[in-house]
Amino acid sequence: MFEEGQLYAPVTEDENGVTVHLTDDHPGANDPEYRRRREVIAGPALRWRPGDPVPQVDYTDAENAIWRTVCAELAPKHERLAIRGFLEGKEALGLPTDRVPQLDEVSAGLQPLSGFRLHPAAGLVPLDQFYGSLADGVFHSTQYLRHGSQPLYTPEPDIIHEVVGHGNLLANPAIAEVKRRAGEAARRCETEAGLQFVADVFWFTIEFGVMYEDGELRAYGAGLLSSYGEIEEFRGATILPLDFYSMGTVEYDISHYQPTLFACDGMSELTERVGEFFAEFDDDTPGRLLAARNRTAS
């Protein structure tokens with residue numbers, strides 16, 4: 001099952017300083033310079049508190065080159081495969097494509113569009129905090145970039161995923177409202193199981209959602225829209241209609257392309273039906289969904 005902690009390298013700080021714990025198979029695991037760079041970026045974010053100035057990162061020429069490469073590769077794919085709502089948000093936000101933007105720069109663009117702002121994350125953000133903060137118009141974003149040896153791949157959400165994927169989505173007010181409702185749903189949860197259900201439905205919508213638009217299957221999930229490879233493959237997945245109980249209970253592997261995706265029938269099904277699901281969700285919702293399914297089956 002999806003666990004938020006699987007996506008991010010844990011970050012710790014002790015008397016010896018900040019340590020980013022990369023897995024052995026991470027592209028940068030055996031690159032001491034990359035590890036040091038990650039720790040330099042993580043330290044200020046780890047110590048940051050709301051109300052403090054957002055840490056500024058002096059991105060290197062190599063890091064800006066990674067950003068340029070990914071933006072250039074994704075731009076034609078977005079035009080061909082992304083939903084209109086994402087493209088409209090992307091145009092309105094107007095992120096730079098030649099350099100990595102600062103988080104407060106992205107927030108300044110988002111605030112008049114949807115009221116959202118980005119808070120720095122060193123790495124793992126607890127599940128309840130990550131999702132609950134969406135209710136307040138806050139999205140926790142990492143600031144590091146993927147390893148330069150594989151600019152079109154990352155095993156964890158870096159700033160490209162956070163900003164190119166989620167940031168451009170948050171520039172669309174209607175989609176941002178769905179995210180805000182997901183945050184409110186997370187805040188209402190009193191059990192870990194309920195919170196996990198919200199996270200899993202979020203995974204199959206906001207992270208890996210697809211949508212029929214003008215007779216074509218297009219992507220709106222941030223995980224697809226920020227992935228050079230998977231955005232080309234999602235039309236080959238098994239595509240199912242929205243089924244919230246299945247979305248909240250199906251097992252899946254985050255380390256591979258998703259073999260099964262759930263499609264909205266147009267933007268209205270995302271904003272109305274998914275939005276309503278999050279707006280009405282409580283810890284008893286999964287049980288009610290299962291009971292309704294059993295009644296239908298009998």
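This section describes strand pairing, aromatic contacts, nonpolar cores and selected residues in a predicted model.

Strand β5 spans residues 210-213, and strand β6 spans residues 216-219. The two run antiparallel and are joined by 4 bridges. Within this pairing, Tyr 212 stands opposite Leu 217 of β6. The two strands form a hairpin, with 2 residues between them. Asp 214 lies in the loop between β5 and β6. Its phi is near 55 degrees, a positive value in a residue other than glycine. Most residues other than glycine have a negative phi. Asp 214 has a relative accessibility of 65% and therefore counts as exposed, the cut-off being over 50%.

Strand β5 also pairs with strand β8, residues 260-265. Here the sense is parallel, and the pairing runs over 3 bridges. Met 211 has Cys 264 of β8 as its bridge partner. Cys 264 is at 0% relative accessibility and so counts as buried. Cys 189 is also buried, with a relative accessible area of 14%. A search of the whole structure returns 0 disulfides.

Glu 213 belongs to strand β5. This residue counts as buried because its relative accessibility is 7%, against a cut-off of under 20%. Beyond residues up to four places away in sequence, Glu 213 touches Ile 83, Arg 84 and Arg 218. Arg 218 is also among the residues touched by Phe 234.

Aromatic contacts were examined next. The whole structure holds 11 aromatic pairs. One of them joins Tyr 131 and Phe 202 in an edge-to-face arrangement. The centre-to-centre distance is 5.0 Å, with 80 degrees between the planes. Tyr 131 lies in helix α5, residues 127-132, and Phe 202 in helix α8, residues 192-207. The pair links distant parts of the chain, 71 residues apart. Both Tyr 131 and Phe 202 are buried.

A further pair is formed by Phe 197 and Phe 277. This one is tilted, at 6.5 Å centre to centre and 35 degrees between the planes. Phe 197 lies in helix α8 and Phe 277 in helix α11, residues 267-280, so the pair ties together parts that are 80 residues apart in sequence. Phe 197 and Phe 277 are both buried. They also belong to one aromatic cluster, together with Phe 244, Tyr 245, Phe 278 and Phe 281.

Charged side chains also meet aromatic rings. Arg 38 lies over the face of Tyr 144, at 3.5 Å from the ring centre. Lys 77 places its charged end over the ring of Tyr 228, 4.4 Å from the centre.

Attention then turned to the nonpolar cores. In soluble globular proteins, nonpolar side chains tend to be buried together. The largest nonpolar core of this model contains 82 residues. Among these, Phe 234 and Phe 278 touch the most other members. Helix α8 gives the most to this core, with 9 residues. Phe 234 touches Leu 81, Val 210, Leu 217, Arg 218, Ala 219, Leu 224, Ile 239 and Leu 261, leaving aside residues up to four places away in sequence. A second, separate core has 9 residues, including Ala 9, Val 11, Leu 22 and Tyr 34.

Phe 278 recurs in two of these descriptions. It is a member of the aromatic cluster, and it is one of the two residues that touch the most other members of the largest core. Helix α8 recurs as well. This helix holds Phe 202 of the edge-to-face pair and Phe 197 of the tilted pair.

Leu 152 lies in the loop between β4 (138-141) and α6 (159-170). Its relative accessibility is 28%, so Leu 152 counts as partly exposed. Apart from residues up to four places away in sequence, Leu 152 touches Thr 69, Val 70, Glu 73, Arg 146 and Tyr 228. Tyr 228 is the residue whose ring lies beneath the charged end of Lys 77. Glu 79 is 73 residues from Leu 152 along the chain. The C-alpha atoms of Leu 152 and Glu 79 are separated by 18 Å.

Notes:
Residues are numbered from 1 along each chain as its sequence is written. This is a predicted model: local features need pLDDT of at least 70, side-chain atom pairs count only at pLDDT 80 or more; totals for chains, interfaces and linings use all residues. Side-chain values use heavy atoms; hydrogens and water are left out. Two strands pair if DSSP finds at least two bridges between them. Rings of Phe, Tyr and Trp (its six-membered ring) pair if their centres lie within 6.5 Å; planes under 30 degrees apart count as stacked, over 60 as edge-to-face and the rest as tilted. Buried means under 20% relative accessible area, exposed over 50%, partly exposed in between (1.4 Å probe, protein chains only). A charge sits over a ring if NZ of Lys or CZ of Arg is within 6 Å of the ring centre and within 35 degrees of the ring normal. A nonpolar core is a set of buried Ala, Val, Leu, Ile, Met, Phe, Trp, Tyr and Cys residues joined through side-chain atoms within 4.5 Å. Contact means heavy atoms within 4.5 Å. A disulfide is a pair of cysteine sulfur atoms within 2.5 Å.
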